[in-house]
Amino acid sequence: MLALTALGAAGCGPTLEPPQVEPRYSGVFLDITGPNPSRPTFLYDGAQCVPYARLVSGIELYGDAYSWWDGAAGRYQRGPLPAPGAVLVLSQTDRLRSGHVAVVSQVLNSREILVSHANWIPGQVLENQAVFDASPNNDWTMPRFYNLEHQVYGSIYPAHGFIYNVAAQGSLPPLVSGLTP
């Protein structure tokens, strides 16, 4: 509870500052030539998080986003620590009926990462969106996504954890060197 107190009431206060990181756009699947390059759009109609995460991460899972966690069991390594290229799996909720998946693009520290994902804003791909771990145990079960438009971290979304593109029987490389929960 002490960890949440520092974040504001129930961990939802706007006291967190976004990380100072310059966005990097690949331009491969994005139309960044429009009037607002901070909100890139997917070149194909109906961009969805699952096909985007599969393409970017190389993790060959199918079905609704929330089903990826169970679908990865026995096929891919899963865990509570972020690593570049890992897929963050959000749980199914009333607001996220299909769940959501996002690919970690960078680990800033044990509580902050950047993710790239599709359809967080309908039909768009966002690259390097800041995400903060509000969980008291620093286990990434309570991430908050930074809302650039309102310049605050948003609501907490329950998460299962991260799926790594490593075979279930394989050994994991060091995921996050020098970071401790």
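Which residue forms a salt bridge with R111, and how far apart are the closest N and O atoms? I will start there and work outward. Keep in mind that this is a predicted model.

The partner is D133, and the closest N and O atoms of the pair are 3.4 Å apart. The structure holds one salt bridge, formed by R111 and D133. The two residues are 22 apart and link distant parts of the chain, with R111 in the loop between β5 and β6 and D133 in strand β7. D133 has a relative accessibility of 0% and counts as buried, because the cut-off for buried is under 20%.

D133 has another partner. Its side chain is joined to that of S135 by a polar contact of 2.7 Å. S135 sits in the loop between β7, residues 125–133, and β8, residues 143–147. Its relative accessible area is 0%, so S135 is buried too. Setting aside residues up to four places away in sequence, S135 touches R111, W140, T141 and M142. R111 therefore appears twice here, in the salt bridge with D133 and among the residues that S135 touches, with D133 itself buried at 0%.

W140 deserves a word of its own. It lies in the loop between β7 and β8. Its phi is near 60 degrees, which is a positive value in a residue other than glycine. At 0% relative accessibility, W140 counts as buried.

Now the whole chain. There are three helices and ten strands, and read along the sequence the pattern is α-β-β-α-α-β-β-β-β-β-β-β-β. Of the 181 residues, 40% are buried. Among contacts with a separation of 6 or more, 52% are between residues 24 or more positions apart. The exposed area of the chain is about 9,400 Å², and carbon and sulfur atoms supply 54% of it.

Next, the interior. In soluble globular proteins, nonpolar side chains tend to be buried together. The largest nonpolar core here has 17 residues, and L90, I113, F145 and F162 are those with the most contacts inside it. At least two residues each come from β4 (87–90), β5 (100–109), β6 (112–118) and β10 (159–167). β10 gives the most, with four residues. There is also a second, separate core of 15 residues, including W69, Y76, V87 and V89.

Take L90 from the largest core. Beyond its neighbours within four places in sequence, L90 is in contact with residues including Y66, L96, W120, F145, Y157 and H160. Three of those names come back on the aromatic side: W120, F145 and Y157 form one aromatic cluster. The count of aromatic pairs comes to six.

What does the side chain of S116 reach on the backbone of N128? A polar atom of that side chain lies 3.3 Å from the backbone nitrogen of N128. S116 is in strand β6 and N128 is in strand β7. Both are buried: S116 has 6% relative accessibility, and N128 has a relative accessible area of 14%. N128 also has a positive phi, near 60 degrees, and is not a glycine. Apart from neighbours within four places in sequence, S116 is in contact with Y52, A102, V103, S105, L126, E127 and N128.

Y52 takes us to helix α2, residues 49–57, where the buried residues are C49, V50, Y52, A53, R54 and S57. An α-helix has 3.6 residues a turn, so residues three or four places apart point the same way. After α2 comes G58, with a positive phi near 80 degrees.

The last residue is N119. Buried or partly exposed? N119 is partly exposed, because its relative accessible area is 25%. It is found in the loop between β6 and β7. A polar atom of the N119 side chain lies 2.7 Å from the backbone nitrogen of G123. Not counting residues up to four places away in sequence, N119 touches A47, Q48, C49, H100 and Q124. C49 is also one of the buried residues of α2. The C-alpha atoms of N119 and V101 are separated by 9.8 Å, with the two residues 18 apart along the chain.

That is the tour.

Methods: Residues numbered from 1 in each chain as written. Predicted model: local features only at pLDDT ≥ 70, side-chain atom pairs only at ≥ 80, totals over all residues. Heavy atoms only, no water. Core = buried A, V, L, I, M, F, W, Y, C linked by side-chain atoms within 4.5 Å. Buried < 20%, exposed > 50% of the residue type's maximum accessible area, 1.4 Å probe, protein only. Contact = heavy atoms within 4.5 Å. Polar contact = N/O pair within 3.5 Å; in protein donor to acceptor, adjacent residues only side chain to side chain. Areas by Shrake-Rupley, 256 points an atom, 1.4 Å probe, with all protein chains shown as cover. Phe/Tyr/Trp six-rings, centres within 6.5 Å; stacked < 30°, edge-to-face > 60°. Salt bridge = Lys/Arg side-chain N within 4 Å of Asp/Glu carboxyl O.
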